[in-house]
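Trainee: Please choose a single part of this model and take me through it slowly and closely. I would like to know how its pieces fit together, one after another.

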Amino acid sequence: MALDLLVKGANLPDGRTNIDIACAGGRITAIEPNITAEAARVIDATGRLVSPPFIDVHFHMDATLSLGLPRMNVSGTLLEGIALWGELKPLLTHEAVAERALRYIDLAVSKGMLAIRTHVDICDDRLTAVEALVEVRKQVKPYLDLQLVAFPQDGYYRSRNAVKNLDRALDLGVDIVGGIPHFERTMEDGPRSLKALCEIAARRGLLVDIHCDETDDPLSRHIEALTHETERLGLQGRVTGSHLTSMHSMDNYYASKLLPLIAEAGIHAVPNPLINITLQGRHDTYPKRRGMTRVPEMRAHGINVAFGQDCTMDPWYSLGGADMLDVAHMGLHVAQMTSREAMRFCFEAVTTNPAKVMQLDGYGLAVGCNADLVVIQAHDTIEAIRMRARRLTVVRRGKVIAETAPEVASLTLPGRPAHLDPASYFPKAG
Ligand code: FE2
């Protein structure tokens, strides 16, 4: 049987080089050196990194590309962002949310991102964004896996109809239960909301993804309650703690108690480096805290850590470009993860680790996995992060769905070659 696709000469994220990848019927059928077979399409990836797709495991699709609507965030703080989003929410229309989401997803696909978990605010009684994104999820299914989290942005108990609306959103087909314990009215309402939300997830058989302790307050310890509820309800491996920024500010003694609890509960940790470094520490003078959670320490405790993007051109963040290599680059810097091994981990934090969080079936470069992959203009994962290298070819189920020309500078300099591939350099001996 002829193959749908044969990728030749790939470098893989695990360090193997000159590997061929055969794809048929939407799956990887062989991955080994020197495959000779007829194929409808052959991609020469000699010396290029070929990776499974990028994943953004933490995003806000209902707010994306809304920058400046109805005004800009002047202070740059999380709280003004939430207030500004509250001004925009009543103005949202189904069509505008869907159109912005689809535009954003086009960009994401071009950057090799084929799975996104997005939170969707359920505090708008109309559930406009929920209905729009449920429709978008169906429309993009052939090329992108979209998971929706029912997110009570203004507080599960603090916002008037959130308790009712969260159930309504789940009834409409939203996949995952969200929460925001640090934004509830009192310190007691935080754990109370986690108890209720985890019970809903247990009853409905759903995953949980909580915006947890996104604050510089070292006494914001809702993650501790989340580990408790996870254990109590047997939700191990199904719960995600997003942000966890208060752990940056906690004293080391308490953190040493907390890290094993998170590991025991099998809670996934999702820091969002671009947003944590810009939103946290805003009330500090100098020194200013970085605000990102304790990534190397979490790794050392065996906690699954994935990096999310969180925002792109919305009330919280004016930049962002659907580029998970930007996210990995920032995460690497903020966590000071500069060893070769730690830099390679930062690539996993935007590929294989979020696949575990999202429980994606058939993800990865192995026989039997979905034929989803990205050819990158870099030799290896570290160079990919260093150059935020171009995604040359994006493949979904064995079919090419996006292509970008390689970056090749055209220089005219005395005594120098006329062309230079800026993405391909590594020091050689001598
Ligand atoms: Fe978020």
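Mentor: Strands here are DSSP runs of E with at least two residues, and helices are runs of H or I with at least four, both numbered from the N terminus; two strands pair if DSSP finds at least two bridges between them. The model is predicted, so to speak of local features a pLDDT of at least 70 is needed, side-chain atom pairs count only at pLDDT 80 or more, and totals for chains, interfaces and linings use all residues. Residues are numbered from 1 along each chain as its sequence is written, and side-chain values use heavy atoms, with hydrogens and water left out.

The part I have chosen is the open sheet, in which four strands lie in the order 3-2-1-4 with mixed pairing. Strand 3, residues 27-32, and strand 4, residues 39-44, stand at the edges with a single partner strand each, so one side of each has no neighbour in the sheet.

Let us begin with strand 1, which covers residues 3-10 and is joined to strand 4 by five bridges in the parallel sense. Along this pairing, Leu6 of strand 1 has Val42 of strand 4 as its bridge partner, and Lys8 stands opposite Asp44, which also belongs to strand 4. As for its surroundings, strand 1 is mostly covered, because six of its eight residues are buried, where buried means under 20% relative accessible area, exposed means over 50%, and partly exposed lies in between, using a 1.4 Å probe and protein chains only.

Strand 1 also pairs with strand 2, residues 19-24, and here the two run antiparallel and are joined by four bridges. You can find two of the partners by eye in the structure: Val7 is matched with Ile21 of strand 2, while the bridge partner of Leu5 is Cys23, again in strand 2.

Strand 2 deserves a longer look, and a good place to start is its covering. Six of the six residues of strand 2 are buried, so this strand is largely enclosed by the rest of the structure. The covering applies to both of its faces, since Ile19, Ile21 and Cys23 on one side are buried, and Asp20, Ala22 and Ala24 on the other side are buried as well.

From strand 2 we can step across to strand 3, with which it pairs in the antiparallel sense over five bridges. In this pairing Ile21 stands opposite Ile31 of strand 3, and you will recall that Ile21 is also the bridge partner of Val7 in strand 1. Following the chain from strand 2 to strand 3, you meet a hairpin with two residues between the strands, and in its turn Gly25 has a positive phi of about 60 degrees.

If you now retrace the sheet in its order, 3-2-1-4, you pass from strand 3 to strand 2 through antiparallel pairing, then from strand 2 to strand 1, again antiparallel, and at last from strand 1 to strand 4, where the sense is parallel. Reading the sheet this way, you can see both senses of pairing that are summed up by the word mixed.
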